[in-house]
Amino acid sequence: MYIKRNISWNIIIRYAWKNLLFFIFWASAIFCSYIFLGWDQIDIPFQPLSVIGIAVAFYIGFKNSQSYDRFWEGRKIWGGIVNSSRTWATNVLSFVMDDKEVHRVLIYRHLAWINALRIQLRQPSSFSIKENRAVEKMFDRHGERNPVCSKLDSFLSEEEDADLENRKNVATHIIKNQGLHLKQLLKEEKITEFDKQIFHNNLEELYALQGKCERIKNTPFPRQYAYFSTLFTWIFVLLLPFGLLNVFKVEINSFAQENDWWSLTLMIFFSVLISWIFVTMEKVGSNSEDPFEGRINDVPMTALCRTIEIDLRDMLNEENLPEKVRPQDNILY
């Protein structure tokens, strides 16, 4: 999640430089062919092009709205995970008879669950977006995409950690282990049947929140909206210079008669600017489709997991609590 009010030009250029170079080349090639090669027949009326532009803008607007809904739902789910985590720790400390080791095991296992869920959601899928190399290098340097389950052993016993290594859904089995532990505590009379029911309601809520995350993660944004939005945008962008030939016909004739290079520069500038605006609007939606990929617009699950860890370990009265996660290049993961 980008945390600065204004997006830095370093980030903008990373995303846009290849497209900008292509737009400059494409517009220059069209305009120069019209002027220097005498291809008078390639200009098209701008009116039909404006209709296409309006239709594309509506289509992009719908896509961006639905993409943002996916991000915001993901953020609300993780807000629920934060609240349920605090409730779990409070219940453990309130209901389980004075046994600090049991408190620690139940709360640390929960910390393993939130991190296992984060790691599972960060795994790439077949429909994960691919960026240009400049952007991918930045994400690789930050090291938050496709993380490995290397930190769960700090929250779990060796036996439990080894048992989870070959599980298909680690987070699911961690909550199952919590339920089995509660059953054992009831048998040892460290909690009552009523306490156990409250705990299980808490576990049920955690399963529901995990399922909601998995629903977003495993359901791609409908491709008919995502793909055709991109296709229609590029059709408009590729046709734009031909339409601007018709708009700037007087300036083109002026250039032919007086060698007025400013007219040519102005035409190329507006072609590149309009193309960049439309492609950027379309890309904003594409980058918000999958809110758990560990990219610039995604839910900051690493920071939220660390916040939960600090809160729960503080409830255990531990010292030497970990620091909050710091943003990298103004991106909070």
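A salt bridge is here a side-chain nitrogen of Lys or Arg within 4 Å of a carboxyl oxygen of Asp or Glu. The views below are close-ups of a predicted model.

**View 1. A buried salt bridge joins Lys 217 to Glu 293**. The closest N and O atoms of Lys 217 and Glu 293 are 2.9 Å apart, which means that the pair meets the 4 Å limit for a salt bridge. Lys 217 belongs to helix H7, whereas Glu 293 sits in the loop between helix H10 (261-286) and helix H11 (301-315), so the contact ties together parts that are 76 residues apart in sequence. Neither partner is exposed, as Lys 217 and Glu 293 are both buried. In general, side chains of opposite charge can pair when their charged atoms come close.

**View 2. Lys 190 and Asp 99 form a salt bridge between two loops**. Here the closest N and O atoms are 2.7 Å apart. Lys 190 lies in the loop between helix H6 (170-187) and helix H7 (193-218), and Asp 99 lies in the loop between helix H2 (46-95) and helix H3 (100-121), so this pair links parts of the chain that are 91 residues apart in sequence. Lys 190 has a relative accessibility of 23% and therefore counts as partly exposed.

**View 3. Further salt bridges include a pair at Arg 313 and a network of four residues**. Glu 318 forms a salt bridge with Arg 313, and the closest N and O atoms of this pair are 2.7 Å apart. Arg 313 counts as buried because its relative accessibility is 15%, under the 20% limit that is used for burial. Elsewhere, Lys 63, Arg 223, Glu 282 and Glu 289 are linked in a network of salt bridges. A search of the whole structure finds 16 salt bridges.

**View 4. Seven residues line the largest cavity**. The structure holds one cavity of 30 Å³ or more, and the space in the largest cavity amounts to about 40 Å³. Its lining is made by Ile 129, Ser 286, Asn 287, Asp 290, Glu 293, Arg 295 and Asp 298. By class, these lining residues divide into one nonpolar, two polar and four charged. Glu 293, one of the lining residues, is also the salt-bridge partner of Lys 217.

**View 5. The largest pocket has a lining of 22 residues**. About 590 Å³ of space lies in this pocket, and the residues nearest its centre are Ile 7, Val 284, Asn 287, Ile 296 and Asn 297. Helix H1 (9-36), H2 and H10 are the elements that give two or more residues to the lining, with the largest share, six residues, coming from H10. The lining comprises 13 nonpolar, eight polar and one charged residues. Asn 287 appears both among the residues nearest the centre of this pocket and in the lining of the largest cavity.

**View 6. A nonpolar patch on the surface draws mainly on helix H8**. The patch covers about 550 Å² and is made by Ile 52, Tyr 227, Phe 228, Leu 231, Phe 232, Ile 235 and Leu 239. Helix H8 (residues 223-247) gives the most to the patch, with six residues. Leu 239 is found in helix H8, and its relative accessibility of 31% means that it counts as partly exposed. That value also satisfies the requirement of over 30% relative accessible area for patch residues.

**View 7. Asp 161 is a buried residue of helix H5**. Asp 161 is found in helix H5 (residues 158-164) and counts as buried because its relative accessibility is 19%. Asp 161 and Ala 112 are 49 residues apart in sequence, and their C-alpha atoms are 9.7 Å apart in space.

**View 8. Asn 317 and Asn 330 each have a positive phi**. Most residues other than glycine have a negative phi. Asn 317, which is not a glycine, has a positive phi of about 65°, and the phi of Asn 330 is likewise positive, near 65°. Asn 317 is found in the segment after H11, and Asn 330 is also found in the segment after H11. Asn 317 is exposed, with a relative accessible area of 68%, whereas Asn 330 is partly exposed, with a relative accessible area of 29%.

Terms used
Residues numbered from 1 in each chain as written. Predicted model: local features only at pLDDT ≥ 70, side-chain atom pairs only at ≥ 80, totals over all residues. Heavy atoms only, no water. Patch = residues over 30% accessible without salt bridge, like charges linked within 9 Å, V, L, I, M, F, W, Y side chains within 5 Å. Areas by Shrake-Rupley, 256 points an atom, 1.4 Å probe, with all protein chains shown as cover. Helix = DSSP H or I, 4+ residues; strand = E, 2+ residues; numbered from the N terminus. Buried < 20%, exposed > 50% of the residue type's maximum accessible area, 1.4 Å probe, protein only. 1 Å grid on protein atoms, 1.4 Å probe; cavity = no way out; pocket = protein on both sides within 12 Å on 5 of 7 lines; lining within 4 Å. Points joined across faces, edges and corners; volume = space filled by probe spheres on them. Nonpolar A, V, L, I, M, F, W, Y, C, P; charged D, E, K, R; others polar.
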